[in-house]
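This report walks through one protein structure, beginning with its aromatic side chains and ending with the protein as a whole. Please keep the sequence and the structure in view while reading.

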Amino acid sequence: MMLINQVLQYVSDSRRLRVIEIEESYVYIVNIDTTSAMPQRELYLNLQTEMNQDELLVVSDPYAKAIPDNELTEVQIRKREEDWRTVEEYILPNISELLRKKGREKKITEIVKTSGVGKTKIKKLLSRYWQRGMNKNSMLPDYANSGGKGKAKSLKEAKTGRPRRVQISGDYQTGINITDEVKLQFEHAINKFYRKTNNCSLKDVYHFILRDFYSDRYKENGEMKYRVWEVNRIPSYNQFYYWFKKIEDPKKDIQFRKSAKEYELKHRPILSDSKSETNGPGTRFQIDATIADIYLVSSLDVNKVIGRPVIYAVIDVYSRIITGLYVGLEGPSWIGAMMALDNMVADKVEFCKKYGIEITEEQWPTKHLPEIIIADRGEFEGYSVENLINNLNIKIENTTAYRGDLKGIVERKFRTFNGKIKQKAPGAIQKEYRERGDQDYRLDATLNLKEFTTLIITLVLHHNHKIIDKYPMEKEMITDGLVPTPVNLWNWGIQNSKGRLRTIDRNILRLNVLPRGKATISRAGIKFKNLLYGSRQAIEEQWYLKLKNRSIEIVYDPRNVEKIYIPHDNGMDYEACILLEPSQQYRNDFLEEIVFYQQLRSELEEIERSHQVQLTINTDAMMNEIIKKAEKKKKQSFNQPTSKKEKIVSIRDNKHTEKQLNRVEEKFDLSLAVVSDKPDVIDFVTKEKVQDDIPKKSSSRLMEKLKKKRDEKFGKDE
């Protein structure tokens with residue numbers, strides 16, 4: 001509900017308004033933050049709606065201050081009395097007409113004539129009267145000290161709650177009561193400033209409250225300044241903090257100040273464990289990657305540092321045993337995840353033997369497919385995930401962004417591995433930031449990739465036989481005297497028929513985890529990424545003729561383009577395609593390199609095409625110029641035939657004559673050029689020579705033409 005003389009403030013721009021009149025369905029308001037202002041009429045319903053939606057707040061009246069006359073100077077009292085007399089005699093009797101915009105200027109002009117006071121002065125008094133509380137003290141000349149009692153407050157008694165601290169003078173600061181309006185201001189400020197990613201402190205928010213709701217505004221050198229009110233007119237920080245704790249919503253605060261993802265990761269309640277959703281080995285595997293905290297050296301040159309490797313691990317949630325491992329330089333990416341999945345079904349005895357570690361199958365017995373794989377969205381969105389789901393009947397559960405806690409088991413294991421690496425291995429990162437003068441740990445790098453992989457395998461074997469602290473043991477496990485190590489839990493689960501472990505041929509898994517693409521059948525071969533492949537099946541079934549221009553799905557390894565594979569039988573069989581001779585130059589390249597070459601070629605051709613366009617345009621222009629000159633020369637000729645017959649009757653003779661002239665110009669002279677002051681004279685009119693070359697019946701006529709042509713072609717040059 002709105003009241004006359006009430007001060008309202010917009011949340012969006014902190015603009016403050018005073019209600020100066022309520023009339024049926026309309027409200028007259030005036031802006032109190034400008035130097036001068038006239039009333040505006042607004043619909044009551046609109047303002048009430050904005051108040052209900054907390055877009056418009058009720059705030060303290062900045063001029064609601066009772067000032068005793070004994071605190072005013074004589075000049076202030078005199079000016080107040082003079083101005084108030086003018087208001088009482090000339091303005092208040094006409095106030096209802098002055099409210100409305102229509103006719104206001106006319107009424108002000110009448111008041112000026114009647115009172116003898118200037119128009120600017122009348123407008124100034126009228127504006128002050130409305131802006132500063134519509135009372136006598138609104139006429140005080142001192143802006144900061146002006147004001148009046150304002151509207152009646154709901155709490156008229158002394159301030160509730162414990163008293164403020166005693167001032168130096170021995171008086172108590174009474175402060176203000178925290179009304180519903182003040183609480184609304186607090187809530188608005190908390191939503192606007194505290195629940196934002198810029199992470200304002202509560203002290204900052206309190207200062208913003210004082211700035212927006214409990215200060216006078218003025219301009220100094222063109223800049224807006226704020227003067228906070230006296231302490232007994234503002235809420236204290238302790239009051240604000242007390243009410244903040246009452247309306248505090250920790251979940252909302254973290255989500256707004258940080259992010260919903262960070263809340264889910266670091267602050268949400270933990271009411272269950274990962275094992276609660278599994279019923280045996282192979283029910284759920286978790287897969288994740290981390291960049292190891294160590295720098296490695298090249299296997300070709302120990303003095304060359306190659307950076308930090310990536311570790312991918314697959315862990316069985318039920319038993320905590322590591323079922324798959326990849327240590328390399330791929331990723332974090334689908335290629336790295338694919339390698340870990342490939343190792344998941346590999347024979348671990350053979351795997352360890354490659355790195356010089358001899359084990360028995362009992363030490364690392366895993367080579368199975370799970371029912372469910374829990375993975376990050378990054379690596380397991382798209383690619384060959386559908387093949388795992390459809391062909392191998394593996395369900396993929398993607399975690400939401402920044403929810404590494406959903407893969408907590410594998411995350412914790414990575415922390416353990418990195419901790420061990422920092423303790424032992426040279427080249428390990430000892431702290432996140434090096435200080436000036438610290439040793440550069442990259443210079444200590446000693447291990448190559450194979451040696452580091454051997455180190456990680458050793459840690460994995462140790463983990464598989466280590467007791468798991470705080471493992472949620474089942475009663476049957478305790479009865480059987482089970483010691484909770486990953487290998488023991490894995491074997492116990494299998495013996496007690498828990499879980500549904502499955503095995504699969506390793507090549508079939510690879511067929512289903514490799515990326516897929518589209519190839520086109522043409523007469524030149526099966527084309528993929530502009531590379532040509534051939535297969536026995538394609539030749540036997542005459543694909544190049546029968547299926548020309550048809551698109552087929554293929555499987556490929558971007559690290560080895562020498563072969564692609566055509567899957568059959570729902571991913572359970574395949575046909576291998578070999579790179580044909582025209583594309584053999586790329587057999588040792590990675591697919592990324594080939595794509596780069598093709599893009600580079602396209603870019604070069606595109607650049608050249610723009611040059612070609614320019615060349616074509618210039619060539620056309622030159623051709624047109626040559627033709628124009630020839631046409632002009634023909635028009636200017638004085639020996640034009642008079643008839644069409646004359647133009648064509650001597651074509652044969654004319655051609656022969658032109659041939660003789662060309663022979664003179666085109667003949668080879670292999671002798672050295674000799675510089676002479678006298679030009680050589682070539683005799684074209686030797687009778688015997690002409691008779692040898694030209695039929696007798698046309699010799700005289702031909703000689704005349706030769707002479708004429710020679711004069712036209714060479715005479716001018718001489």
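In this predicted model, one aromatic cluster is formed by Phe-186, Tyr-206, Tyr-237, Phe-240 and Tyr-241. Tyr-237, a member of that cluster, also has a charged neighbour, since Lys-203 lies over the face of its ring. A second arrangement of this kind involves Arg-233, whose charged end sits over the ring of Trp-229. The table sets out the two cases.

| Charged residue | Ring | Distance to the ring centre |
|---|---|---|
| Lys-203 | Tyr-237 | 4.2 Å |
| Arg-233 | Trp-229 | 4.3 Å |

A search of the whole structure finds eleven aromatic pairs. One pair, made by Phe-351 and Trp-364, has ring centres 6.2 Å apart and ring planes at 75°, and because planes over 60 degrees apart count as edge-to-face, the pair belongs to that class. The pair links distant parts of the chain, for Phe-351 belongs to helix H12 (residues 348–353), while Trp-364 lies 13 residues away in the loop between H12 and strand E13 (372–375). Are these two residues, Phe-351 and Trp-364, buried or exposed? Both of them are buried.

We turn now to the strands. Strands of a sheet pair through backbone hydrogen bonds, and the pairing may be either parallel or antiparallel. Here, six strands close into a barrel, following the order E15-E16-E17-E20-E19-E18, and their pairing is antiparallel. On average, neighbouring strands of this sheet are turned by 45° against each other, if direction is ignored.

One of the pairings in the barrel joins strand E15 (residues 516–522) to strand E18 (residues 551–557), in the antiparallel sense and over five bridges. Within it, Thr-520 stands opposite Ser-551 of E18. Which helix lies across E15 and E18? Helix H18, made of residues 506–513, does so, and H18 also lies across strand E19 (560–568) and strand E20 (573–579), running at about 70° to E20.

Finally, we consider the protein as a whole. Its secondary structure comes to 25 helices and 20 strands. Of the 718 residues in the protein, 40% are buried, and the protein exposes about 44300 Å², of which carbon and sulfur atoms supply 50%. Among the contacts in the protein with a separation of 6 or more, 60% are between residues that stand 24 or more positions apart.

Methods. Residues numbered from 1 in each chain as written. Predicted model: local features only at pLDDT ≥ 70, side-chain atom pairs only at ≥ 80, totals over all residues. Heavy atoms only, no water. Pairing = 2+ DSSP bridges. Helix = DSSP H or I, 4+ residues; strand = E, 2+ residues; numbered from the N terminus. Axes fitted to C-alpha atoms, helices over the stretch in contact; angles between N-to-C directions. Contact = heavy atoms within 4.5 Å. Buried < 20%, exposed > 50% of the residue type's maximum accessible area, 1.4 Å probe, protein only. Areas by Shrake-Rupley, 256 points an atom, 1.4 Å probe, with all protein chains shown as cover. Phe/Tyr/Trp six-rings, centres within 6.5 Å; stacked < 30°, edge-to-face > 60°. Lys NZ or Arg CZ within 6 Å of the ring centre and 35° of its normal.
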